[in-house]
Amino acid sequence: MSDQLITCELTGVTTLDDEELNMSQKSDAMNEQPIFSVLSDGLKQLPSPAQAASPIATTSDTESGIFSGECETCVEHESELDWFCCSERKLICSHCAIVGSCHGHAVTPLATRVTTVRNQLVDVCEKIQLQALRIERFIDQTLNDKEQKLQAAASHAREQVVAQVTAAREALEEEEQRLLEEVHREEERVEQCLLTQRAHWKQALASLSNTRTRLVHTLTHTPDAQLVISGQEIAERVEEAEGVGEPHDTDQLSLKAGCSDSKLLRGLWATAILQGPNAHGSMFLKFDQRTVSPLLALSDDHYTVTFVNKKASSSIPYDPARFDCWPNVLGSLSLSCGTHCWVVDVGKSGAFKIGVCYARMHRKGSGVEARLGYNAESWVLSQYAGEYAFCHDGKKVPLQIVKQPQKIGVLLDWSSETLLFYELDSSAVLYSCTHRFNAPLLPAFAVTDRSITILH
């Protein structure tokens with residue numbers, strides 16, 4: 001209910017004596033419906049009109065919190081406070097409204113004001129009751145339903161985690177068993193080859209020793225005349241010795257490098273290192289300022305290089321470590337043992353190279369010896385105009401990559417002699433190779449479109 005006040009403008013033109021005002025107030029009180037009484041516990045006995053007009057009637061108002069005090073009177077005019085000043089928000093008597101401090105203010109009879117306040121309280125209580133009902137309904141229905149759904153969802157999530165981990169564990173165990181069996185078969189094959197070779201060459205050695213012994217005996221104990229006519233026998237012995245041949249090492253005598261290779265295991269291994277809970281990388285890897293080509297601009301934090309269309313001014317100091325023709329730059333960390341990984345944000349660059357090279361790689365000139373991927377000293381993943389390839393020693397291995405990677409990880413493991421390129425968003429291995437590196441390596445980069453950034 002809106003607070004619609006019945007205001008009266010009391011002026012000196014119309015004069016009312018105290019008795020008339022009191023009678024008017026008594027009449028209003030007799031006609032007033034005590035609405036707020038229904039909000040208490042049970043219906044209270046409503047006062048009679050005579051009781052409402054008597055001073056005792058103020059007791060219920062005091063209990064309701066509307067009045068404070070009994071039969072309050074105006075201190076200035078000694079009249080009953082039976083009016084309410086809307087301007088100053090206080091109780092006044094009729095004289096205060098006519099000639100007193102509230103003359104000209106908007107005033108209303110106290111009974112009317114009481115009715116308005118009670119109706120407002122009724123509205124507030126009804127709203128509180130409705131809000132309480134909504135809260136009870138929310139607790140009894142929504143929260144209970146949410147709790148049941150939570151338990152079901154959490155149970156399903158746990159089952160899903162257990163199912164996925166179980167499937168992954170079973171797949172890993174099966175792959176482990178398969179690889180171990182493959183390694184064991186390969187080991188037995190090589191062992192058999194070694195036994196065969198050992199037996200063959202022991203027999204050949206014994207034959208050679210016997211032939212040599214007989215030739216030495218012929219040389220030392222045969223008379224000259226008989227030695228001259230023993231040429232045929234000596235030739236046969238020599239031919240027998242020469243028929244033994246020379247021993248040669250072959251791949252059959254070594255374990256096949258691919259017998260322990262697994263695409264599944266390699267992908268999980270790369271994911272664990274680059275994205276697992278204990279993922280580690282080269283925390284201090286930056287671009288080496290000394291190696292930055294004049295065709296590249298290096299950021300202040302040394303984490304980003306940007307291709308520029310022309311060489312920078314000649315004010316760049318000469319440095320033997322700097323690439324002077326190709327748009328290359330190297331990393332600041334030398335890698336010679338252990339496991340290392342780093343991630344490069346290539347963004348929307350349409351031409352870049354990422355990989356490693358020997359620290360001894362040439363830096364000067366426009367020849368292939370200083371061009372990443374075109375010599376035997378560098379291994380890089382290359383992207384140019386949407387085509388991806390692995391490049392080493394001038395040879396390219398085309399890669400089928402459908403979606404352009406935004407973040408590319410590089411994983412170098414010295415113990416397994418593995419270099420791997422990884423796409424973080426799809427958790428896919430882009431390419432991997434094995435090589436017996438024989439010198440310290442440096443992270444290598446090149447860009448001829450936009451920028452690339454080392455991430456940490």
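Here are some short exercises, each with a worked solution, on a predicted model.

**Exercise 1. Find the edges of a sheet**

Task: In the open sheet with the order S6-S15-S8-S9-S10-S11, work out which strands stand at the edges.

Solution:
- Step 1. Start with a general idea: the strands of a sheet pair through backbone hydrogen bonds, in a parallel or an antiparallel way.
- Step 2. Read the order: this open sheet holds 6 strands, and its pairing is antiparallel.
- Step 3. Look at the two ends of that order. Strand S6 (328–330) and strand S11 (395–399) each have a single partner strand, so one side of each has no neighbour in the sheet. These are the edge strands.
- Step 4. Add the twist: on average, neighbouring strands here are turned by 20° against each other, direction ignored.

**Exercise 2. Zoom in on one strand pair**

Task: Describe how strand S8 pairs with strand S15, and find the bridge partner of Tyr-358.

Solution:
- Step 1. Locate the strands: S8 covers residues 351–358 and S15 covers residues 441–447.
- Step 2. Note the pairing: the two run in the antiparallel sense, with 7 bridges between them.
- Step 3. Pick out one bridge: Tyr-358 is matched with Leu-441 in S15.

**Exercise 3. Salt bridges within a helix**

Task: Explain how Glu-186 and Arg-189 are placed in helix H5, then do likewise for Arg-237 and Glu-240 in helix H7.

Solution:
- Step 1. Recall that side chains of opposite charge can pair when their charged atoms come close.
- Step 2. Check the distance against the cut-off of within 4 Å. Glu-186 and Arg-189 form a salt bridge at 2.5 Å, N to O. For Arg-237 and Glu-240, the closest N and O atoms are 3.9 Å apart, and this is a salt bridge too.
- Step 3. Use the spacing. Glu-186 and Arg-189 sit 3 residues apart in H5 (residues 110–221), so about one helical turn separates them. Arg-237 and Glu-240 are also 3 residues apart, in H7 (residues 231–242), which means about one helical turn again.
- Step 4. Compare burial, where buried means under 20%. Glu-186 is buried at 6%, while Arg-189 is partly exposed at 23%. Arg-237 is buried at 16%, while Glu-240 is partly exposed at 38%.

**Exercise 4. A salt bridge between loops**

Task: Say which parts the salt bridge between Glu-417 and Arg-436 ties together.

Solution:
- Step 1. Begin with the contact: the closest N and O atoms of this pair are 3.2 Å apart.
- Step 2. Place the residues. Glu-417 is in the loop between strands S12 (407–413) and S13 (418–423), and Arg-436 is in the loop between S14 (428–434) and S15, so the pair ties together parts 19 residues apart in sequence.
- Step 3. Finish with accessibility: Glu-417 is partly exposed at 27%, and Arg-436 is exposed at 65%.

Conventions
Residues are numbered from 1 along each chain as its sequence is written. This is a predicted model: local features need pLDDT of at least 70, side-chain atom pairs count only at pLDDT 80 or more; totals for chains, interfaces and linings use all residues. Side-chain values use heavy atoms; hydrogens and water are left out. Two strands pair if DSSP finds at least two bridges between them. Helices (H or I, at least four residues) and strands (E, at least two) are DSSP runs, numbered from the N terminus. Axes are lines fitted to C-alpha atoms, for helices over the stretch in contact, and angles run from 0 to 180 degrees between N-to-C directions. A salt bridge is a side-chain nitrogen of Lys or Arg within 4 Å of a carboxyl oxygen of Asp or Glu. Buried means under 20% relative accessible area, exposed over 50%, partly exposed in between (1.4 Å probe, protein chains only).
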